[in-house]
Amino acid sequence: MKKILMVCLGNICRSPMAEGIVREEFKHAGIEVVVDSAGTAAYHIGEPADHRAQEELRKHDIDISEERAQQFIPEFFADYDFIFAMDESNYADLLSQATNGEERDKVRMLMDIVEGENNIPIPDPYYQEDEGFARVYKMIKRAAEVLVEEDIYK
Ligand code: 4NP
């Protein structure tokens with residue numbers, strides 16, 4: 001079974017949303033995968049997802065109340081097959097921790113899998129209003145729909 005890791009900065013907004021949305025999309029498609037998330041920073045370790053992230057996903061019947069923030073550690077390169085960064089800063093941070101080409105090849109910006117969206121970051125909604133979270137949902141949902149269509153995750 002393939003293992004996918006979603007990575008942002010704090011692991012309380014974007015990546016727990018990505019974990020929930022992508023897990024749900026694979027479940028609907030009947031494809032068994034493991035989806036987890038982590039943050040590059042340590043600020044929020046052990047905390048549940050931001051209440052605004054939880055509320056946005058509740059609108060779409062996705063429950064992420066059990067998720068707790070963890071920090072990315074280099075061991076995760078061995079644990080996961082695919083590692084998706086939410087923005088270019090997360091991407092650079094992950095690449096700086098990779099020690100060989102195999103590890104670097106596992107890392108991509110999430111929106112890069114959506115045709116025509118190369119190098120588009122998922123903007124950090126932490127200091128934004130609720131619309132920021134709705135926007136994050138829409139972007140990740142598009143990426144999730146592409147992910148389940150690709151054979152490499154099966
Ligand atoms: P996330 O958002 O990376 O999408 O989880 C953030 C959460 C917290 C902080 C920054 C971004 N922070 O600076 O505490």
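This dialogue goes through the cysteines, the nonpolar cores, the ligand site and two buried residues of a predicted model.

Reader: What is a disulfide, and how many does the structure hold?

Author: A disulfide is a covalent bond between the sulfur atoms of two cysteines. The structure holds zero disulfides.

Reader: Why is there no bond at Cys8?

Author: The cut-off for a disulfide is 2.5 Å between the sulfur atoms. The closest cysteine sulfur to that of Cys8 belongs to Cys13, and because the distance is 6.9 Å, it is too far for a bond. Seen from Cys13, the closest cysteine sulfur is the one in Cys8, again at 6.9 Å.

Reader: Are Cys8 and Cys13 buried or exposed?

Author: Residues count as buried under 20% relative accessible area. Cys8 has 1% relative accessibility and is therefore buried. Cys13, at 5%, is buried as well.

Reader: Next, the cores. Where do nonpolar side chains tend to be in soluble globular proteins?

Author: They tend to be buried together. In this model the largest nonpolar core has 37 residues, and those touching the most other members are Met6, Met17, Phe26, Phe84, Leu110 and Ile140.

Reader: Which elements give two or more residues to this core?

Author: Two strands and three helices do: β1 (3–8) and β3 (82–85), with α1 (14–29), α2 (51–58) and α6 (130–149). Helix α6 provides the largest share, nine residues. There is also a second, separate core of twelve residues, with Ala38, Phe72, Phe76 and Leu94 among them.

Reader: What is Met6 in contact with, leaving aside its neighbours within four places in sequence?

Author: Its contacts include Ser15, Ala18, Glu19 and Val22, then Val35, Asp36, Ser37 and Ala38. Further along the sequence, Met6 is also in contact with Phe84, Met86, Leu110 and Leu147.

Reader: Now the ligand. Which residues are around the ligand?

Author: One run goes from Cys8 through Leu9, Gly10, Asn11, Ile12 and Cys13 to Arg14. The others are Tyr43, His44, Asp124, Tyr126 and Tyr127.

Reader: Which polar atoms of Leu9, Ile12 and Asp124 should I look at beside the ligand?

Author: For Leu9, look at the backbone, where a polar atom is 2.9 Å from an oxygen atom of the ligand. Ile12 also has a polar backbone atom beside a ligand oxygen, at 3.0 Å. For Asp124, look at the side chain: one of its N or O atoms is 3.2 Å from an oxygen atom of the ligand. On its own the ligand has 350 Å² of accessible area, and the protein covers 92% of that.

Reader: Asn11 was in that list. Where does Asn11 lie?

Author: Asn11 is in the loop between β1 and α1, and its relative accessible area of 2% makes it buried. Its side chain makes a polar contact with the side chain of Ser15, at 2.8 Å. A polar atom of the Asn11 side chain also lies 2.9 Å from the backbone nitrogen of Gln70. Beyond four places in sequence, Asn11 has contacts that include Pro16, Ser37, Ala38, Gly39, Arg68 and Ala69.

Reader: And what is the place of Phe133?

Author: Phe133 is in helix α6 and is buried, with a relative accessible area of 1%. Phe133 and Ala53 are 80 residues apart in sequence, but their C-alpha atoms are 6.3 Å apart in space. Not counting residues up to four places away in sequence, Phe133 touches Cys13, Met17, Asp50, Arg52, Ala53, Glu56 and Pro125.

Methods:
Residues numbered from 1 in each chain as written. Predicted model: local features only at pLDDT ≥ 70, side-chain atom pairs only at ≥ 80, totals over all residues. Heavy atoms only, no water. Buried < 20%, exposed > 50% of the residue type's maximum accessible area, 1.4 Å probe, protein only. Core = buried A, V, L, I, M, F, W, Y, C linked by side-chain atoms within 4.5 Å. Helix = DSSP H or I, 4+ residues; strand = E, 2+ residues; numbered from the N terminus. Contact = heavy atoms within 4.5 Å. Near = heavy atom within 4 Å. Polar contact = N/O pair within 3.5 Å; in protein donor to acceptor, adjacent residues only side chain to side chain. Areas by Shrake-Rupley, 256 points an atom, 1.4 Å probe, with all protein chains shown as cover.
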